[in-house]
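This briefing is intended for a reader who has the sequence and the coordinates at hand. Please consult both while reading the points below.

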Amino acid sequence: MTIVVVGAAIVADGRLLAAQRAEPPELAGGWEFPGGKVDEGESDEAALVRECQEELGVLVEIGERVGGEWPLGDDYVMRVWLASLVSGVPEAKEHLELRWLALDELYDVPWLAADLPVVRAVEFMLREG
């Protein structure tokens, strides 16, 4: 059974929000897209809105999907959407730190290996307008 994880590529003023993982220990310190697991009976989009509220304290509007399914090990896949802030200011409730990265800063943080190809896809989408 494949477990679906959703991620939000939150963009504001041309900058992308990156979140530094606090746990588990083997991923702590790495940077990722905010998000999390989809609960049973929940749509991907509803899960992403819920996860952003829980992790960041913000309400987001889901936009265009970024690519297809991105593999996360053997049993997980990640689905990512562009998102914009509707209300709230992102807070690191479950992460060590948050950073807004301009296009020329996207690779200034050590992204988790699974997130790096998604960062490239988001960069392409943002540069293409």
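The points that follow cover the annotated domain, the nonpolar cores and helix 1.

The structure is a predicted model. The UniProt annotation "domain: Nudix hydrolase", from an unreviewed entry, covers residues 1-126.

**Annotated span**
- Within residues 1-126, helix makes up 19% and strand 44%.
- The C-alpha atoms at the two ends of this span are 33 Å apart.

**Nonpolar cores**
- The largest nonpolar core has 19 residues, of which L16, F33, V66, W111, V118 and V122 touch the most other members.
- Two or more residues of this core come from each of strand 1 (3-12), strand 2 (15-21), strand 5 (59-72), strand 6 (76-87) and helix 2 (116-128).
- Helix 2 supplies the largest share, with four residues.
- Leaving aside residues up to four places away in sequence, V66 touches V80, W81, L82, V118, A121, V122 and M125.
- Another core, of 17 residues, lies apart from the largest one and includes I10, L17, V38 and C52.

**Helix 1**
- Helix 1 spans residues 44-56, 13 residues in total, and reaches 18 Å from its first C-alpha to its last, close to the 18 Å expected at 1.5 Å a residue.
- Its buried residues are D44, A47, L48, R50, E51, C52, E55 and L56.
- These buried residues of helix 1 pack against strand 1, strand 2, strand 4 (35-37), strand 5, strand 6 and strand 7 (95-101).
- G57, just after helix 1, adopts a positive phi of about 75 degrees.

Terms used:
Residues are numbered from 1 along each chain as its sequence is written. This is a predicted model: local features need pLDDT of at least 70, side-chain atom pairs count only at pLDDT 80 or more; totals for chains, interfaces and linings use all residues. Side-chain values use heavy atoms; hydrogens and water are left out. A nonpolar core is a set of buried Ala, Val, Leu, Ile, Met, Phe, Trp, Tyr and Cys residues joined through side-chain atoms within 4.5 Å. Buried means under 20% relative accessible area, exposed over 50%, partly exposed in between (1.4 Å probe, protein chains only). Contact means heavy atoms within 4.5 Å. UniProt positions are given in the numbering used here, feature names are shortened, and annotations may be inferred rather than shown by experiment. The expected span of a helix is 1.5 Å times one less than its number of residues.
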